[in-house]
Amino acid sequence: MAPVHPLLWRSLRVFQVYGANTDVGKTVFTTALCRAAKLTWTREHTAFLKPVSTGPDDEADDLCDHVEKHAPGVLRRTLLQYDLAMSPHAAAKGKLVPSDVDLLSKVRQFASRVAARGPGWLFVETAGGVHSPGPSGTTQADLYAPLRCPVVLVADSKLGGISLTISAFESLKLRGYDVETILVFRDDKYDNEQYFRDYFTKHHGIAVASLPPPPPKTDSDADTVIMSQYYEGESESTATRKILDHLDRRHRARIGRLDSMRSDAYRQIWYPFTQHKLSSSDNIVVIDSACGDFFQTLVPKPKRAANMNQPALQPSFDGSASWWTQGLGHGSPSLTMSAAYAAGRYGHVMFAGAIHEPALALAQALLHGMKSSRLTRVFYSDNGSTGVEVAVKMALRAARLRYGWAASTDIGIIGLKGGYHGDTIGAMDCAEPSTYNEKIEWYNGRGVWFEYPNVKCVRGQWAIELPGALKADLGDDQTFGSLSDVFDLDARRSRNKHRAYEKYIERTLSSHLSNGRKFGALLMEPVVVGAGGMELVDPLFQRALVDVVRRSAKLFDARHGPGDSDPANWSGLPVIFDEVFTGLYRLGRLTASSFLGTEADISVHAKLLTGGLVPLSTTLASESIFKAFESDDKADALLHGHSYTAHPVGCQVALESMRQMQAMEERGDWDWAKESDWSGRLGGRTGRGNAELWSIWPWDLLNWVSNQIQCVAGTWALGSILAIHMKAADGTGYKSNAALKLQAFLHDGDGDGDGDGDGEIRWNIHSRVLGNVLYIMGSQKTTQDDVAEIARLVQRALVAH
């Protein structure tokens, strides 16, 4: 099934009518607006939709009959009718209950048919109050959020209505709805209208309009005549015309702003990782909103007037998980509420020498969740790059003091070629010269970086590929029956497969150290080198690197023995794991270091930490690292901090993000992926293998992609990441253009119409490339159905390549 499509057309004004409560007059206001729109815009169409209604069938008929009687000529429809007069989720029990996606698709189909008729209006009336549940139990505020309809909120004019209306408004606002106007019946007794005018105009700049209440309902035949007279008068009133004029202006302003954003941004924004001379405004993707795993992006304005009835927005799968941060879906209500709670309770409070509950609770949750015998302390910073800088400061100080080096000693780090740890100067110095840093004026790479074996699926087989320079030392490429076999380090170590790696590492380090080099830390991204090319590293090589560094204290300074015998203390050199990208379930586990069967002395976490909502980073350290900074001299402290260190909003959101992801793991939400033999097995072998080594991307897709040998060099998947390495005539690396054609096909998308019978609903994949590598990243809530749709589009793209 295609993803949920937002309801925005250039020629069709769509507004969703919410009520602050039940029985506040939604249908009366909607009918008056429908009638007035029909009378005023005589050459356009007007439609009314009630997605869900409860009560006897004749009441649903009465609702549509009410619109037909009092707003003749308006197209009207009720999609779902339950015969019990109660909340839809209760009325639907024991009956056919559509999924939320199915219901939204039906709403979309009706709106598409209305749009196909030409310019006009569509009013979508909800049931009950803002949080009244839909048939599935999802509250309406959450259920209809993906449609991104602007809202007409009908306020409650009765006693208690002020509180209900403001609460309803805030619920909608927190979910990203644009409330365009507040409508209320006049009531001289409570005069809620005046309070609403003062409150919403002063605090939110929202227009408030009122109509007189309808005449009391009677059971007599005269009731229809009385109501007709009411609607005749109100639909032609100045107040109602002003409401429609305001809504019309708001619609045109939204379309106009979206259409102008590309050119305005091109003139005023300096984009990251963008060569502006090679770019144009056409390359800019305008994002109106986002929900779940999808952006809602602007479809460029048609050049022909005949195409103005086509949708203005399309769903775009967020294939970079918003640059690797998104885990729980865009617009997550629970994360939004967590942020709002902390903002309301604390705002921001300084952190040095203070503590607040979100910061303490998050630190405790992280340390408990990591289950590390080494990590005991948590240091807060703003983002992954600064988190790495903190880690390096910690490690270098600890190594310098243990080995008695002077503060002026030039100390480097040990890392992996292509490893990249951030864009701040200190973090950049931890990476080898590359496209990212070699032209930066202050860059001074400080370290030695190992080439490494990488893992790919090629022609349906998992292979460990060795760079040419390593083959003399390490032999030829190897193939494995499954990815689980690659990650079965105990089995590989029992066959002494790590010995060659260790000898190569020892020999290389000895060569550098004999030339007077000094090193203060091992820094690497466990399992996956991200920005350096989305490479899956042989985990046995990384484990060997850690083991060699830890047992080689004499190698780093001959005057020292093996160091502290406490296994929780660092030895050799402090080991830093940069899990900014790979940690917190991105690869399917809470910590990526668990794949290596070893623990860090310092570990850095960000990105998924807050589920993709706000920036925050944590650097976790062992007690022995912490104690290296203890001294009677204040200047020996870790003098590092940020104005927004441990900001309560970020900490509270991160706490909720971790809670949700751990709960998903405990509930088995990913069992659909774990239970498939996704990693591939040869020779008729069966079974799940290592259940904790899994991916949302199916083996059938990987196997098929890996056999597209005319254009694909190899592929891999783990957790929510799929990486496709394209063959590159212009060489691999960040400067390669080999993946751009595949990216362009995915951007062109699927479907050629509006879903109204003339074609499929259009949607596409928004993706990023790293040179010759195109990667697609799901969230931790990406569904099996969405994966299947994306896989189908990827296959079509490669066939067309």
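Here is a short chat about a predicted model.

Colleague: What makes the chain as compact as a globular protein of that length?

Modeller: Start with what's in there: the chain has 26 helices and 27 strands. Its radius of gyration is 30 Å, and the globule rule gives 28 Å for 801 residues, which is close, so the chain counts as compact as a globular protein of that length.

Colleague: Why is D248 said to form a salt bridge with R252?

Modeller: The closest N and O atoms of D248 and R252 are 3.1 Å apart, and the cut-off is within 4 Å, so the pair qualifies. The two also sit 4 residues apart in helix α9 (residues 238–268), about one helical turn.

Colleague: And is D248 buried or exposed?

Modeller: Buried: its relative accessible area is 11%, and buried means under 20%. R252, at 49%, counts as partly exposed, because exposed means over 50%.

Colleague: How do you know that K456 is buried and E465 partly exposed?

Modeller: Same cut-offs. K456 has 8% relative accessibility, so it is buried, while E465 has 21% and counts as partly exposed. Their side chains meet in a salt bridge at 3.1 Å, N to O.

Colleague: What makes R659 and E656 a salt bridge?

Modeller: Their N to O distance is 2.6 Å, and the limit is within 4 Å. Both lie in helix α22 (residues 648–667), 3 residues apart, about one turn of the helix. Elsewhere, salt bridges that share partners join R13, E44, D248 and R252 into one network.

Colleague: How many salt bridges does the structure hold?

Modeller: It holds 33.

Note on methods. Residues are numbered from 1 along each chain as its sequence is written. This is a predicted model: local features need pLDDT of at least 70, side-chain atom pairs count only at pLDDT 80 or more; totals for chains, interfaces and linings use all residues. Side-chain values use heavy atoms; hydrogens and water are left out. The radius of gyration is taken over C-alpha atoms; the globule rule is 2.2 Å times the number of residues to the power 0.38. Buried means under 20% relative accessible area, exposed over 50%, partly exposed in between (1.4 Å probe, protein chains only).
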